[in-house]
Amino acid sequence: MKRKWWLPLGLAIVSLITWIAFGVALAMQAERSTLLLLATVGALGLEGAIWTTAGVLGVSAFQARREIWTRLRTAFQKG
């Protein structure tokens, strides 16, 4: 894997871990402030991953989202 992909991958992993923690906190009926904090960090991490992926691909964020979904679809269709 090329070095330029480490930042978007790291942000995506942080976002995924945060959303998992959000789900656990929701199941444990955590306080509203904790849920708000986890949701905010997860959303910002995911948005950061999309924007850095756009920067790595050299396209705008809207084009990047389309490109990311296209690559994911083709990866899962190939099986």
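Helices here are DSSP runs of H or I with at least four residues, numbered from the N terminus. The model described is a predicted one, and three such helices organise this account: α1, covering residues 6–27, α2, covering 32–57, and α3, covering residues 61–78.

The helices may be approached through the largest pocket, whose volume is about 570 Å³. Its lining comprises 20 residues, and those closest to the centre of the pocket are Ala12, Ala49, Thr53, Ile68 and Leu72. Each of α1, α2 and α3 supplies at least two residues of this lining. The greatest contribution comes from α3, which gives 8 residues to the lining.

Helix α3 also carries a charged pair. Side chains of opposite charge can pair when their charged atoms come close. Arg71 and Glu67 form a salt bridge in which the closest N and O atoms are 2.9 Å apart. Their placement in sequence accounts for part of this arrangement: the two residues are 4 positions apart in α3, and therefore about one helical turn separates them. Neither partner falls under the 20% limit for a buried residue. Arg71 has a relative accessibility of 46% and is therefore partly exposed, and Glu67, at 32%, is likewise classed as partly exposed. The count for the model comes to 1 salt bridge.

Helix α1 offers two contrasting positions. Ile13 lies in this helix and, at 42% relative accessibility, is partly exposed. Together with Trp6, Leu9 and Ile17, Ile13 makes a nonpolar surface patch of about 400 Å². Thr18 is also found in α1, but this residue is buried, with a relative accessible area of 9%. When residues up to four places away in sequence are left out, Thr18 touches Leu38, Val41 and Gly42. Those three contact residues fall within the span 32–57 of α2.

The loop between α1 and α2 contains Gln29. The backbone of Gln29 has a phi near 55°, which is a positive value in a residue other than glycine. Gln29 is also exposed, its relative accessible area being 71%.

Taken along the chain, the account thus passes from the nonpolar patch that includes Trp6 and Ile17, through buried Thr18 and the exposed loop residue Gln29, to the salt bridge between Arg71 and Glu67.

How values were computed: Residues are numbered from 1 along each chain as its sequence is written. This is a predicted model: local features need pLDDT of at least 70, side-chain atom pairs count only at pLDDT 80 or more; totals for chains, interfaces and linings use all residues. Side-chain values use heavy atoms; hydrogens and water are left out. A salt bridge is a side-chain nitrogen of Lys or Arg within 4 Å of a carboxyl oxygen of Asp or Glu. Buried means under 20% relative accessible area, exposed over 50%, partly exposed in between (1.4 Å probe, protein chains only). Patches are made of residues with over 30% relative accessible area and no salt bridge: like charges are joined within 9 Å, nonpolar side chains (Val, Leu, Ile, Met, Phe, Trp, Tyr) within 5 Å. Accessible areas come from the Shrake-Rupley method with a 1.4 Å probe; for residues, only the protein chains shown count as cover. Contact means heavy atoms within 4.5 Å. On a 1 Å grid over the protein atoms alone, a cavity is a set of points where a 1.4 Å probe fits but cannot get out, and a pocket is an open set with protein on both sides within 12 Å along at least five of seven lines; lining residues have an atom within 4 Å of a point. Grid points are joined across faces, edges and corners, and a volume is the space filled by probe spheres set on the points.
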